[in-house]
Amino acid sequence: MQIINLGPRELQLLESDITKTAVDVIVNAANSHLGGGGGVDGAIHRAGGPEIMHELDTIRQRIGRCPAGSAVVTGAGKLPAQFVFHAVGPIYRDGQSGEAAQLSSCYRTCLDMAADRRLASISFPSISTGAYRFPFEEATRIALETVSQWLTLHNGTVHTVKLVQFDASDHRVYCNLAYKMQFSMASKASS
Ligand code: ADP
């Protein structure tokens, strides 16, 4: 795990299965109909149990679809967290259709929601980089920029943000880009 210290706050780059991260909030990469899918969404529903989908059914009845860039909240079922924030990432088309702004909005919205609930820790997967085909390096830059700026600007309760990569090569991309962006980093054994 690599740690980027931003004043009293910590941004962690972590190779892991997000369902195993013990935090206040686990962020899901959901789709706009909140209906469940593969990838990280499938893993979260499998590990969390059926009550997460039951809550989403109720939310869907109330709001219909959830637009890209926004998120809804449920409990976390059996996951080691209090909440799951289901963020809807953009489907990547040509890079000219507002995808970058929508992806950045996913991270910012979830951080705002965590702050509103006075929570301390949150983990994010690499939203939109699987089935939604966002180019990985560009998505990584957006994640690092958005989260680091947010942590620098906000003084609230959120003090630990974990950006979780599912495999070693994705983790290397995050670490290399963070290095190029001149964050000062320290290694730590994963916990
Ligand atoms: P999207 O539809 O937003 O692209 P995906 O779930 O297809 O969402 O992929 C998003 C990212 O989540 C990918 O980089 C994928 O490797 C990663 N991923 C898949 N399963 C997990 C998991 N259990 N923990 C963390 N990341 C995961």
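Here are three short exercises with worked solutions on a predicted model.

**Exercise 1: the sheet**

Work out the strand order of the open sheet and find which strands stand at its edges.

*Solution.* Let's begin with the general picture. Strands in a sheet are paired by backbone hydrogen bonds, in a parallel or an antiparallel sense.

Step 1. The open sheet has eight strands in the order 4-5-3-6-7-2-1-8, and the pairing is mixed.

Step 2. Strand 4 (71-75) and strand 8 (185-187) each have a single partner strand, so they stand at the edges and one side of each lacks a neighbour in the sheet.

Step 3. On average, and ignoring direction, neighbouring strands of this sheet are turned by 25 degrees against each other.

**Exercise 2: strand 2 and its partners**

Describe how strand 2 pairs with strand 1 and with strand 7, and decide whether strand 2 is largely enclosed or not.

*Solution.* Take one partner at a time.

Step 1. Strand 1 (residues 2-6) pairs with strand 2 in the antiparallel sense, over five bridges. Look for glutamine 2, whose bridge partner in strand 2 is leucine 13, and then for asparagine 5, whose bridge partner there is glutamate 10.

Step 2. Now follow the chain between them: strand 1 and strand 2 form a hairpin with two residues in between, and glycine 7 in the turn has a positive phi of about 60 degrees.

Step 3. Strand 7 (residues 160-165) runs parallel to strand 2, and six bridges join the two. Here leucine 11 stands opposite valine 161 in strand 7.

Step 4. Of the seven residues of strand 2 (residues 9-15), five are buried, so the strand is largely enclosed by the rest of the structure. The cut-off behind "buried" is under 20% relative accessible area.

**Exercise 3: helices on the sheet and against each other**

Place helix 2 and helix 5 on their strands, then classify how helix 4 and helix 5 cross.

*Solution.* Start with the strands and finish with the helix pair.

Step 1. Helix 2 (residues 51-63) lies across strand 4 and strand 5 (83-88), at about 140 degrees to strand 4.

Step 2. Helix 5 lies across strand 1, strand 2, strand 7 and strand 8, and runs at about 145 degrees to strand 2.

Step 3. The axes of helix 4 (residues 136-153) and helix 5 (residues 168-180) come within 10 Å and cross at roughly 55 degrees. The two helices are therefore oblique to each other, and their crossing is right-handed.

Step 4. Helix 4 contributes Phe136, Glu137, Thr140, Arg141, Ala143 and Leu144 to the contact, while helix 5 contributes Asp170, Val173, Tyr174, Leu177, Ala178 and Lys180. Sorted by type, the contact residues are seven nonpolar, one polar and four charged.

Conventions: Residues numbered from 1 in each chain as written. Predicted model: local features only at pLDDT ≥ 70, side-chain atom pairs only at ≥ 80, totals over all residues. Heavy atoms only, no water. Axes fitted to C-alpha atoms, helices over the stretch in contact; angles between N-to-C directions. Helix = DSSP H or I, 4+ residues; strand = E, 2+ residues; numbered from the N terminus. Parallel < 35°, antiparallel > 145°, perpendicular 65-115°, else oblique. Left-handed = near helix turned anticlockwise from the far one by under 90°. Contact = heavy atoms within 4.5 Å. Nonpolar A, V, L, I, M, F, W, Y, C, P; charged D, E, K, R; others polar. Buried < 20%, exposed > 50% of the residue type's maximum accessible area, 1.4 Å probe, protein only. Pairing = 2+ DSSP bridges.
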